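Hi everyone, thanks for making time. I'd like to walk you through a structure that is new to most of you, so have a look at the screen first.

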Amino acid sequence: KMKDIATRYGYGYVTVYHWIHKYHIPTRIMGDYMSRTTVVSISRELKKKRGNRCEICKWDRGTCDVHHKIMQKNGGTHEEINLIILCPNCHRLVTENKLKI
């Protein structure tokens, strides 16, 4: 992606990369990376605090997922009150709107 930007405007790849980091230019690539790392760290902390067990069925025999009660595309945030820990089965049911939380 950055190579495309560099060639489109006639600059070198290293120059564009340097500008992005020096001036903190928001890019989609960096935004996606930051979003993923933030969610991972929040999930890890939430599981430490609440335990790795489903908050609906209390299943604790494997890895559980952290789910947003209000989806991000609908204005949900990464705040703790908007997150719930679900087992894979409950997560699927909630996602398919077969189970309400």
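Before I point at anything, one bit of vocabulary: when I say helix or strand, I mean a DSSP run, at least four residues for a helix and at least two for a strand, numbered from the N terminus. Also, please keep in mind that this is a predicted model.

Okay, let's start in a loop. Between α3, which covers 28-50, and β1, which covers 65-68, you'll find K58. What is odd about its backbone? K58 isn't a glycine, and yet its phi is positive, about 65°. As for its surroundings, K58 is partly exposed, with a relative accessible area of 45%.

There's another residue like that further along. Go past α4, residues 88-95, and in the segment after it you come to N97. Here too phi is positive, about 60°, and again the residue is not a glycine. N97 counts as exposed, at 57% relative accessible area.

Now let's look at α4 itself. Which of its residues are buried? Those are C90, H91 and V94. They sit on the same side of α4, because the arc they cover around the axis is only 105°. If you want the background, an α-helix has 3.6 residues a turn, so residues three or four places apart point the same way. And what do the buried residues of α4 pack against? They pack against β1 and β2.

That takes us to the inside. The largest nonpolar core has 11 residues, and among them are L46, C54, C64, V66, C90 and V94. Both β2 and α4 supply at least two residues each, and β2 gives the most, with 4 residues. In general, nonpolar side chains in soluble globular proteins tend to be buried together. To get a feel for one core member, click on C64: leaving out residues up to four places away in sequence, C64 touches K47, N52, R53, C54, W59, I85, L86 and C87.

Not everything buried is nonpolar, though. Take N82, in the loop between β1 and β2. Is N82 buried or exposed? It's buried, at a relative accessible area of 7%. Its side chain reaches the backbone nitrogen of I70 at 2.8 Å. Beyond residues up to four places away in sequence, the contacts of N82 are H67, H68, K69, I70, G76 and T77.

Last topic, charges. Side chains of opposite charge can pair when their charged atoms come close. How many salt bridges does a search of the whole structure find? It finds 7. I'll show you a few.

R50 pairs with E55, with the closest N and O atoms 2.8 Å apart. R50 is partly exposed at 31%, and E55 is partly exposed at 31% as well. Then there's R53 with D60, where the closest N and O atoms are 3.3 Å apart. R53 has a relative accessible area of 38%, so it is partly exposed, and D60 is partly exposed at 44%.

Back on the α4 side of things, E96 and R92 meet in a salt bridge at 3.7 Å, N to O. E96 is partly exposed at 39%, and R92 is partly exposed at 40%. Some salt bridges also share partners, and those join K49, R50, E55 and E80 into one network.

That's my tour. Questions?

Notes:
Residues numbered from 1 in each chain as written. Predicted model: local features only at pLDDT ≥ 70, side-chain atom pairs only at ≥ 80, totals over all residues. Heavy atoms only, no water. Buried < 20%, exposed > 50% of the residue type's maximum accessible area, 1.4 Å probe, protein only. Polar contact = N/O pair within 3.5 Å; in protein donor to acceptor, adjacent residues only side chain to side chain. Contact = heavy atoms within 4.5 Å. Arc of directions from axis to C-beta. Core = buried A, V, L, I, M, F, W, Y, C linked by side-chain atoms within 4.5 Å. Salt bridge = Lys/Arg side-chain N within 4 Å of Asp/Glu carboxyl O.
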